[in-house]
Amino acid sequence: MRRTWVVAALTTALATSGMGSAAADNPADSTLGETSLNEAQENRDAEPGAGDVSVEPGSGADGVVAVAVSPLPTPKAAWPTTGRLTVYLCSKASLQKKCDGRGPGDEQKRKIERLLKRLSGLSGVRYVSEDEAYRNAREDGLRVRKGAIPASFRAEVKVPNVNLGPKLEKLPGITTARVWRTDFWAGRAQAKVELCGPANCPGRGAITDHERDAVFEALRTLQGVKKVYLESRRHAIDNWRRVTYENRTPAVGEYFHLVLTDSSVFEQIRPALRGLPGVDQVSRHR
């Protein structure tokens, strides 16, 4: 982002008496969450960057100070060392001979679940039905037909081991099993907005500075959005490669990652960005 937004509505009482003492009584407020205005100015061209939104009540009779700062750096943290496992089950659409055109029965599902729960280093094993997978895909803006995504088991992996997948795929009732590393943004944001890069938006190029500013402006003023991080394309590529264990360059652009007050705020994001050029897709961090 190329600029710092500062919007202030000050009453006479706030201007004459309150602002300094309010900051002294609430030192955390004066830093605007993660950085000061000076730090934001110094870091505005940092790559990757981030955005933070802070609204503070004024100390006057009815004064309000609304401040939005951009950009803030992506959190300086080590890459996650944990991972996740996805085990896709046979379905009517499966082409593997062992599936025989049908999904596993209830007893076979229970056997697979018991096996996964016994495996060392796995936790949080849960079943995801075809209906849930379909709803998630549609919520993320993907055009898929119902039943295209098979039911699966998901689990957290303490130490990722890519060799686990091929071993599980030999078992009856399982078509594909994949181990992924944990996404950098897991636990840090609840939603993401992928922006147009060099190759991910057909018919156009990467988002312009002006377009990016407009998207950020729409996000920062959205009720329920606490923070807006801007992730550079370079960081997004590195993250994707780490998660997938692949070395190729994916067709991605920059991302805005959003911290929300609650999950229901997600429903407001796509309508707020409708019509703005440079936006590829909006999805949840799952």
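Here a student and a tutor talk through how some features of this predicted model get their labels.

Tutor: In this predicted model, local features need pLDDT of at least 70 and side-chain atom pairs count only at pLDDT 80 or more, while totals for chains, interfaces and linings use all residues. Residues are numbered from 1 along each chain as its sequence is written, and side-chain values use heavy atoms, with hydrogens and water left out.

Student: Why is the aromatic pair of Phe-184 and Trp-185 called edge-to-face?

Tutor: Rings of Phe, Tyr and Trp (its six-membered ring) pair if their centres lie within 6.5 Å; planes under 30 degrees apart are stacked, over 60 edge-to-face, and the rest tilted. Here the centres are 5.4 Å apart and the planes meet at 85°, so the pair fits the edge-to-face class. The whole structure holds five aromatic pairs, and Phe-184 and Trp-185 belong to one aromatic cluster with Trp-79 and Tyr-229.

Student: What makes the charged end of Arg-188 count as sitting over the ring of Phe-184?

Tutor: The rule asks for NZ of Lys or CZ of Arg within 6 Å of the ring centre and within 35 degrees of the ring normal. The charged end of Arg-188 lies 4.2 Å from the centre of the Phe-184 ring. Arg-178 sits likewise over the ring of Trp-180, at 4.3 Å from its centre.

Student: How do you know that the length of helix 6 agrees with its number of residues?

Tutor: Helices (H or I, at least four residues) and strands (E, at least two) are DSSP runs, numbered from the N terminus. The expected span is 1.5 Å times one less than the number of residues. For the twelve residues of helix 6 (residues 209–220) that gives 16 Å, and the end C-alpha atoms are 16 Å apart, so the two agree.

Student: Why is Asp-100 called exposed, and Tyr-245 partly exposed?

Tutor: Buried means under 20% relative accessible area, exposed over 50%, and partly exposed in between (1.4 Å probe, protein chains only). Asp-100 has 52%, so it is exposed; Tyr-245 has 30%, so it is partly exposed. Asp-100 lies in the loop between strand 4 (83–89) and helix 3 (106–118), and has a positive phi of about 55° although it is not a glycine. Tyr-245, in the loop between helix 7 and strand 10 (255–260), has a positive phi near 65°.

Student: Which residues of helix 6 are buried?

Tutor: Among them are Glu-211, Val-215, Phe-216 and Leu-219. Phe-184 and Trp-185, from the aromatic pair, are buried too.
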